[in-house]
Amino acid sequence: MTAQNASEQPAPARRWYLVQCKPREAFRAREHLAKQGYETFLPVLRREVVRRCRREVVTEPLFPHYLFLLLSDVADNWAPLRSTRGVARVVRFGELPLAVPDDLVAGLRTRQVEEGSGEKDGNVQRLLHVGDRVSIIDGPLAGLDAVCAEADGERRVVLLLTLLHQVQRISVDIAQVRRQS
């Protein structure tokens with residue numbers, strides 16, 4: 001085999017594999033794998049949550065505890081994966097890691113780009129929307145049902161509540177309500 005033939009050989013095929021991360025360490029695993037030169041993909045979701053009676057927007061993995069890793073069976077070194085911070089293991093079926101279909105990852109990546117990187121508020125999964133039916137779970141009105149009318153700052157929400165056959169507008173703390181299923 002000549003040097004020219006060796007340079008004409010195609011690069012080894014790279015496939016996506018699923019990596020299981022330690023609890024709440026998917027972002028750390030992605031960071032440490034990137035520092036080692038691995039290409040990763042961690043689909044994320046931005047959503048609104050209530051913490052300490054305040055609404056906050058958090059970014060979290062779409063698939064908790066998992067991320068995708070692009071590797072070659074032949075050319076890439078798999079050994080460092082075992083000791084990478086945040087990584088628990090490569091998902092295997094039997095003795096061999098099972099590759100994830102490329103079109104699945106491509107679809108997730110396309111959707112992530114279409115929805116944006118999550119930097120804009122328009123891409124946030126909201127805790128409550130106008131018109132949502134809610135139950136009041138705390139306070140003097142606990143146990144009553146209402147309809148969400150609007151946000152009232154960062155900590156409060158305006159509800160439409162039927163009392164004595166009349167619709168009343170009340171403002172309550174966001175932590176006092178829960179959306180009905």
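What follows is a working chat about a predicted model of a single chain.

Colleague: Before we get into details, how many helices and strands does the chain have?

Modeller: The predicted model has three helices and 15 strands in the chain. Of its 181 residues, 31% count as buried, and the accessible surface comes to about 11,900 Å², with 50% of that belonging to carbon and sulfur atoms.

Colleague: And what share of the contacts with a separation of 6 or more comes from residues 24 or more positions apart?

Modeller: Residues that far apart, 24 or more positions, account for 60% of the contacts with a separation of 6 or more.

Colleague: Let's look at helix H2, then. Which of its residues are buried?

Modeller: In H2, which spans residues 26–35, the buried residues are Ala-26, Ala-29 and Leu-33. They lie on the same side of H2, because they cover an arc of only 60 degrees around the axis.

Colleague: What covers them?

Modeller: The cover for the buried residues of H2 includes strand E1 (14–21), strand E2 (39–41), E4, strand E5 (66–72) and strand E6 (87–90). Just after the helix, Gly-37 takes a positive phi of about 95 degrees.

Colleague: Is Cys-21 buried or exposed?

Modeller: Cys-21, which is found in strand E1, is buried, since its relative accessible area is 3% and the cut-off for buried is under 20%. Leaving aside neighbours within four places in sequence, Cys-21 is in contact with Ala-26, Ala-29, His-65, Tyr-66, Leu-67, Gly-86, Val-87 and Ala-88. Two of those contacts, Ala-26 and Ala-29, are also among the buried residues of H2.

Colleague: His-65 is on that list too; how far is its C-alpha atom from that of Cys-21?

Modeller: The two C-alpha atoms are separated by 4.7 Å, although Cys-21 and His-65 are 44 residues apart along the chain. His-65 sits in the loop between E4 and E5, where it counts as partly exposed at 33% relative accessibility. His-65 also has a positive phi, of about 80 degrees, although it is not a glycine. As background, most residues other than glycine have a negative phi.

Colleague: Since you mention phi, which residue takes a positive value in the hairpin of E3 and E4?

Modeller: That would be Arg-52, with a phi near 55 degrees, in a hairpin that has two residues between the strands. E3 (residues 44–51) and E4 (residues 54–61) run antiparallel and are joined by eight bridges, and Arg-51 stands opposite Arg-54 in E4.

Colleague: What about E13 and E14, how many bridges join those?

Modeller: Eight bridges join E13 to E14, and these strands run antiparallel, with Arg-156 standing opposite Asp-173 in E14. They form a hairpin with two residues between them, and Leu-164 in the turn has a positive phi of about 55 degrees.

Colleague: And is that leucine, Leu-164, buried or exposed?

Modeller: Leu-164 is exposed, because its relative accessible area is 80% and exposed means over 50%. Together with Leu-144 and Leu-163, Leu-164 makes a nonpolar surface patch of about 290 Å².

Colleague: Changing topic to charges, how many salt bridges does the structure hold?

Modeller: The structure holds seven salt bridges. One of them joins the side chains of Asp-76 and Arg-14, at 3.9 Å from N to O. That pair links distant parts of the chain, with Asp-76 in the loop between E5 and E6 and Arg-14 in strand E1, 62 residues apart. Both ends are partly exposed, Asp-76 with a relative accessible area of 24% and Arg-14 at 40% relative accessibility.

Colleague: Which residue does Lys-35 form a salt bridge with?

Modeller: Lys-35 forms a salt bridge with Glu-31, and the closest N and O atoms are 3.2 Å apart. Both residues lie in helix H2, four residues apart, or about one turn of the helix. Lys-35 counts as exposed at 62% relative accessibility, whereas Glu-31 is partly exposed, with a relative accessible area of 42%.

Colleague: One last pair: where do Arg-169 and Glu-150 lie?

Modeller: Arg-169 forms a salt bridge with Glu-150, the closest N and O atoms being 2.3 Å apart. This pair also links distant parts of the chain, because Arg-169 is in strand E14 and Glu-150 is in strand E12 (residues 145–152), 19 residues apart. Arg-169 counts as exposed at 53% relative accessibility, while Glu-150 is partly exposed, with a relative accessible area of 34%.

Key
Residues are numbered from 1 along each chain as its sequence is written. This is a predicted model: local features need pLDDT of at least 70, side-chain atom pairs count only at pLDDT 80 or more; totals for chains, interfaces and linings use all residues. Side-chain values use heavy atoms; hydrogens and water are left out. Buried means under 20% relative accessible area, exposed over 50%, partly exposed in between (1.4 Å probe, protein chains only). Contact means heavy atoms within 4.5 Å. Accessible areas come from the Shrake-Rupley method with a 1.4 Å probe; for residues, only the protein chains shown count as cover. Patches are made of residues with over 30% relative accessible area and no salt bridge: like charges are joined within 9 Å, nonpolar side chains (Val, Leu, Ile, Met, Phe, Trp, Tyr) within 5 Å. A salt bridge is a side-chain nitrogen of Lys or Arg within 4 Å of a carboxyl oxygen of Asp or Glu. Two strands pair if DSSP finds at least two bridges between them. The arc is that of the directions from the helix axis to the C-beta atoms.
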